[in-house]
Amino acid sequence: MAYDFQVTIDSADPHAQADWWAETLGWTVEPQDAAFIKSMIDQGYATEAETTTHRGALVWASGAAIRHPSDDRRVLFQTAPEAKTVKNRVHLDVRVGDEKRAAEVERLSARGATFLWRGQQGPHSWVTMADPEGNEFCVA
């Protein structure tokens, strides 16, 4: 039996991370239902302290998700109590192709990503970068 899954990334600011990664990948930030959030508060299942306003909308403070525009692939960004201190054990590969890699690295650097190193294994090469919160990813 095969299972569905999502990738979840710990974040200091999940909404800013969702915005950054949605633009990076050409995905969309998943909308949150303000009426549902208000009803959870009204019914005592949540408090206003668990919410925030992001881009003028009421949202859950602890998380934001992005979705692929044509299927169910999803990445969730959730708050974490501690700052990132070591290298990721799992990372995303943004596959753009050899001919677009240099331009993509330049574009992402201009948007706040940090160049870390270049890698190569046989004929395959990539650039390892860090997103604005320091999470490593590769442009391949």
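**Exercise 1. Find which elements the buried residues of α3 pack against, and name the buried residues.**

Solution. The buried residues of α3 pack against α1, β9 and β10, as seen in this predicted model. The residues of α3 that are buried are R101, E104, V105 and L108. Residues three or four places apart point the same way, because an α-helix has 3.6 residues a turn. Just after α3 comes G112, whose phi is positive at about 110°.

**Exercise 2. Describe how α1 and α3 are arranged relative to each other, and state which residues meet.**

Solution. Two packed helices are described by the angle between their axes and the distance between the axes. Begin with those two values: the axes of α1, residues 14–25, and α3, residues 98–110, come within 11 Å and cross at roughly 160°. The next step is to compare this angle with the cut-off, since angles over 145 degrees count as roughly antiparallel; α1 and α3 are therefore roughly antiparallel to each other. As for the hand, the crossing in which α1 passes α3 is right-handed. Last come the residues themselves, where W20, E23 and T24 from α1 meet E104, R107 and L108 from α3. Sorted by class, this contact has three charged residues, two nonpolar residues and one polar residue.

**Exercise 3. Work out which residues and elements build the largest nonpolar core, and follow one of its members outward.**

Solution. In soluble globular proteins, nonpolar side chains tend to be buried together. In this chain the largest nonpolar core has 18 residues, and the members that touch the most others are W21, I66, F77, L108, M129 and F137. At least two residues of this core are supplied by each of α1, β5 (63–67), β6 (74–79), α3, β9 (124–130) and β10 (136–139). Among the contributions, the largest share is that of α1, with four residues. A second core, separate from this one, has five residues, including I37, I41, A46 and L58. To follow one member of the largest core, take M129, whose contacts beyond four places in sequence include V105, L108, F115, L116, F137 and V139.

**Exercise 4. Decide whether H91 and R55 are buried, partly exposed or exposed, and place each in the chain.**

Solution. Start with H91, which lies in the loop between β6 and β7 (92–94). Its relative accessibility is 36%, so H91 counts as partly exposed. Leaving out neighbours within four places in sequence, H91 contacts E136, F137 and C138. The C-alpha atoms of H91 and N135 are 7.7 Å apart, although 44 residues separate the two in sequence.

Turn next to R55, found in the loop between β3 (51–54) and β4 (57–60). With a relative accessibility of 71%, R55 counts as exposed. The backbone of R55 has a phi near 55°, which is a positive value in a residue other than glycine.

**Exercise 5. Summarise the chain as a whole, from its elements to its contacts.**

Solution. First, count the elements: the protein chain has three helices and 10 strands. Then read them in order along the sequence, which gives the pattern β-α-β-α-β-β-β-β-β-α-β-β-β. Next, consider the extent of the C-alpha trace, which spans about 60 × 35 × 30 Å along its principal axes. Of the 140 residues in the chain, 34% count as buried. Finally, take the contacts between residues at least 6 apart in sequence, of which 59% join residues at least 24 apart.

How values were computed:
Residues numbered from 1 in each chain as written. Predicted model: local features only at pLDDT ≥ 70, side-chain atom pairs only at ≥ 80, totals over all residues. Heavy atoms only, no water. Axes fitted to C-alpha atoms, helices over the stretch in contact; angles between N-to-C directions. Parallel < 35°, antiparallel > 145°, perpendicular 65-115°, else oblique. Left-handed = near helix turned anticlockwise from the far one by under 90°. Contact = heavy atoms within 4.5 Å. Nonpolar A, V, L, I, M, F, W, Y, C, P; charged D, E, K, R; others polar. Core = buried A, V, L, I, M, F, W, Y, C linked by side-chain atoms within 4.5 Å. Buried < 20%, exposed > 50% of the residue type's maximum accessible area, 1.4 Å probe, protein only.
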